[in-house]
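Student: I am new to this one. Please pick a single part and take me through it closely, step by step.

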Amino acid sequence: MEIYNTEEQQVEAIKRFFHEHGLSIAAGIVIGLGGLYGFRYYQAKQLEAQETQSAAYAALVEKSTAEGADKKAWLVDAQKFIADHKDSNYSHLTALLAAKEAVVLKDYAAAEQQLSAVISSSKVPEVLAVAQLRLARVQAEQAKYKEALATLSATMPAAFAAQQNELKGDVLLKSGDEVAALAAYKAAQAGSEAGKNPLLDVKLNELAHVAG
């Protein structure tokens, strides 16, 4: 997967991948399991289900961004969608969005629950990485620095390495370990495209006094 400048761009890329390739991946499995008629029937049913889920997910996203939206009521709707489409790609994307909305409400326990559920059920490395990064941020926000660093110790796709190291630096800095934070920021800088992360440069400059 190519390197994206922000986590939101990575999420959008994941959504495009599911939309463009989800059916063909399922189709490849079915070809080996049944005859042509069975495959065509399965293909039609899968396409119908995917389109229904896609439309329902799009409606949820639109509702969450509507002016004056009732976030608590939206979270109830989101949880119903997740339960109705358990362990599907769209349920995982909905859980990521639900966690984000829970953070807005400062309901960190709900955010952790949503993200942990994605981590325990998704088999897509990129989705796992996004969930792990967001979970670490939620944990750090609650001063759970040890837990955040444990979350960030997971193996992630190369496209996420710079974000992973930068977030490690943020957590380490909050916990008071400036030396380790500087090392993490330098690792993030080494994995970032030149000039693409001015905020990281600021963080490094602020630790210029640290011998690392």
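Tutor: What follows starts with the whole chain and then moves to one run of neighbouring helices.

This is a predicted model, in which local features need pLDDT of at least 70, side-chain atom pairs count only at pLDDT 80 or more, and totals for chains, interfaces and linings use all residues. Residues are numbered from 1 along each chain as its sequence is written, and side-chain values use heavy atoms, with hydrogens and water left out.

The protein chain has 10 helices and 0 strands. Helices (H or I, at least four residues) and strands (E, at least two) are DSSP runs, numbered from the N terminus. Along the sequence the pattern reads α-α-α-α-α-α-α-α-α-α. Of the 212 residues, 40% are buried. Buried means under 20% relative accessible area, exposed over 50%, and partly exposed in between (1.4 Å probe, protein chains only). The accessible surface comes to about 11800 Å², and 57% of that surface belongs to carbon and sulfur atoms. Contacts (heavy atoms within 4.5 Å) also reach along the chain. Of those with a separation of 6 or more, 52% join residues 24 or more positions apart.

Now the close look: α3 to α6. Two packed helices are described by the angle between their axes and the distance between the axes. The axes are lines fitted to C-alpha atoms, for helices over the stretch in contact, and angles run from 0 to 180 degrees between N-to-C directions.

Start with α3 (residues 71-84) and α4. They pack at about 160 degrees, with axes 9 Å apart. That angle makes α3 roughly antiparallel to α4. (Under 35 degrees counts as roughly parallel, over 145 as roughly antiparallel, 65 to 115 as roughly perpendicular and the rest as oblique.) α3 passes α4 in a left-handed crossing. A crossing is left-handed if the near helix is turned anticlockwise from the far one by less than a right angle, and right-handed if clockwise. On the α3 side, the contact includes Trp74, Leu75 and Phe81. On the α4 side, it includes Tyr90, Leu97 and Glu101. By class, this contact has 10 nonpolar, 2 polar and 2 charged residues. Here Ala, Val, Leu, Ile, Met, Phe, Trp, Tyr, Cys and Pro count as nonpolar, Asp, Glu, Lys and Arg as charged, and the others, Gly among them, as polar.

The loop between α3 and α4 holds aspartate 87. Its phi is near 65 degrees, a positive value in a residue other than glycine. Most residues other than glycine have a negative phi. Aspartate 87 is partly exposed, because its relative accessible area is 45%.

Next come α4 (residues 89-104) and α5 (residues 108-121). They pack at about 160 degrees, with axes 8 Å apart. So α4 is roughly antiparallel to α5. The crossing of α4 past α5 is left-handed. From α4, His92, Leu96 and Val103 are among the residues that take part. From α5, the partners include Tyr108, Gln114 and Val118. This contact has 11 nonpolar, 3 polar and no charged residues.

Lysine 106 sits in the loop between α4 and α5. It has a positive phi of about 60 degrees, although it is not a glycine. Lysine 106 counts as exposed, because its relative accessibility is 61%.

One residue in α5 deserves a stop: alanine 111. It counts as buried because its relative accessibility is 0%. Leaving out residues up to four places away in sequence, alanine 111 touches Ala99, Ala102, Val103 and Val138. Alanine 111 and leucine 96 are 15 residues apart in sequence, and their C-alpha atoms are 8.5 Å apart.

Last in the run are α5 and α6 (residues 125-141). Their axes come within 9 Å and cross at roughly 155 degrees. The two are therefore roughly antiparallel. α5 passes α6 in a left-handed crossing. Alanine 111 takes part here too, as one of the α5 residues in the contact. Others from α5 include Leu115 and Ile119. From α6, Leu128, Leu135 and Val138 are among the residues met. By class, the contact has 10 nonpolar, 3 polar and 3 charged residues.

One step further along is threonine 151, in helix α7 (residues 145-151). Threonine 151 is buried, because its relative accessibility is 12%. Leaving out residues up to four places away, its contacts are Gln132, Leu135, Ala136, Gln139 and Met156. Among these, Leu135 also meets α5.

Methods
Areas by Shrake-Rupley, 256 points an atom, 1.4 Å probe, with all protein chains shown as cover.
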